[in-house]
Amino acid sequence: MCGAAITHRDHVIRVNNRHEHAFFNPTGIAFLIRCFHTAPGVAVWAEPSTAFTWFPGYCWQIVLCAACQSHLGWLFSPMAGGRSFYGLIADRLS
């Protein structure tokens with residue numbers, strides 16, 4: 001939102017064979033997220049949660065823009081083996 005550098009197209013990854021995923025949260029809000037292996041411009045906020053996870057086997061944490069604190073998406077971390085990744089809200093990236 002503020003124009004700060006968050007990640008780069010070189011950090012794009014595919015999770016479950018797709019880079020983009022569409023999901024609804026428990027309150028019915030739709031999100032289109034894009035997956036990245038790193039996002040140096042974010043700050044992780046809150047404790048990990050497994051509630052209503054979009055990726056089975058992963059817990060999630062909210063990530064904010066490190067510069068302006070806008071909600072940009074989530075860090076998904078495996079509960080057993082594997083690699084963490086960022087799911088960033090598509091329309092909040094430029």
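Is Cys2 buried, partly exposed or exposed? Cys2 counts as partly exposed, at 43% relative accessibility. The views below come from a predicted model.

**View 1. Cys2 and Cys65 do not form a disulfide.** The sulfur of Cys2 has its closest cysteine sulfur in Cys65, 3.7 Å away. A disulfide needs the two sulfur atoms within 2.5 Å, so 3.7 Å is too far for a bond. The relation holds from the other side: the closest cysteine sulfur to that of Cys65 is in Cys2. Cys65 is buried, with a relative accessible area of 3%, whereas Cys2 is partly exposed. The structure holds zero disulfides.

**View 2. The largest nonpolar core has 14 residues.** Phe31, Ile33, Trp54, Phe55, Trp74, Phe76 and Phe85 have the most contacts inside this core. Two or more residues come from each of strands S2 (30–36), S4, S5 (71–78) and S6 (85–89). A second core, of ten residues, is separate and includes Ile6, Phe36, Ala39 and Val42. In soluble globular proteins, nonpolar side chains tend to be buried together.

**View 3. Phe76 and its contacts.** Leaving out residues up to four places away in sequence, Phe76 touches Ile33, Thr53, Trp54, Phe55, Tyr58, Cys59, Trp60, Ser84, Phe85 and Gly87. Phe76 is buried, with a relative accessible area of 1%.

**View 4. Aromatic pairs, tilted and stacked.** The count comes to nine aromatic pairs. In one of them, Phe31 and Trp54, the ring centres lie 6.0 Å apart and the planes meet at 50 degrees, so the pair is tilted. This pair links distant parts of the chain, 23 residues apart. Phe31 sits in strand S2, and Trp54 in the loop between S3 and S4. Both residues are buried. Phe76 and Phe85 form a stacked pair, 5.2 Å centre to centre with 20 degrees between the planes. Phe85 is buried, at a relative accessible area of 2%. One aromatic cluster is formed by Phe23, Phe31, Trp54, Phe55, Tyr58, Trp74, Phe76 and Phe85.

**View 5. Asn16 and Phe52 have positive phi.** Most residues other than glycine have a negative phi. Asn16 is not a glycine, yet its phi is about 50 degrees. Asn16 lies in the segment before strand S1 (20–24). Asn16 is exposed, with a relative accessible area of 52%. Phe52, also not a glycine, has a phi of about 55 degrees. Phe52 lies in the loop between strand S3 (42–49) and strand S4 (58–65).

How values were computed. Residues are numbered from 1 along each chain as its sequence is written. This is a predicted model: local features need pLDDT of at least 70, side-chain atom pairs count only at pLDDT 80 or more; totals for chains, interfaces and linings use all residues. Side-chain values use heavy atoms; hydrogens and water are left out. Helices (H or I, at least four residues) and strands (E, at least two) are DSSP runs, numbered from the N terminus. Buried means under 20% relative accessible area, exposed over 50%, partly exposed in between (1.4 Å probe, protein chains only). A nonpolar core is a set of buried Ala, Val, Leu, Ile, Met, Phe, Trp, Tyr and Cys residues joined through side-chain atoms within 4.5 Å. Contact means heavy atoms within 4.5 Å. Rings of Phe, Tyr and Trp (its six-membered ring) pair if their centres lie within 6.5 Å; planes under 30 degrees apart count as stacked, over 60 as edge-to-face and the rest as tilted.
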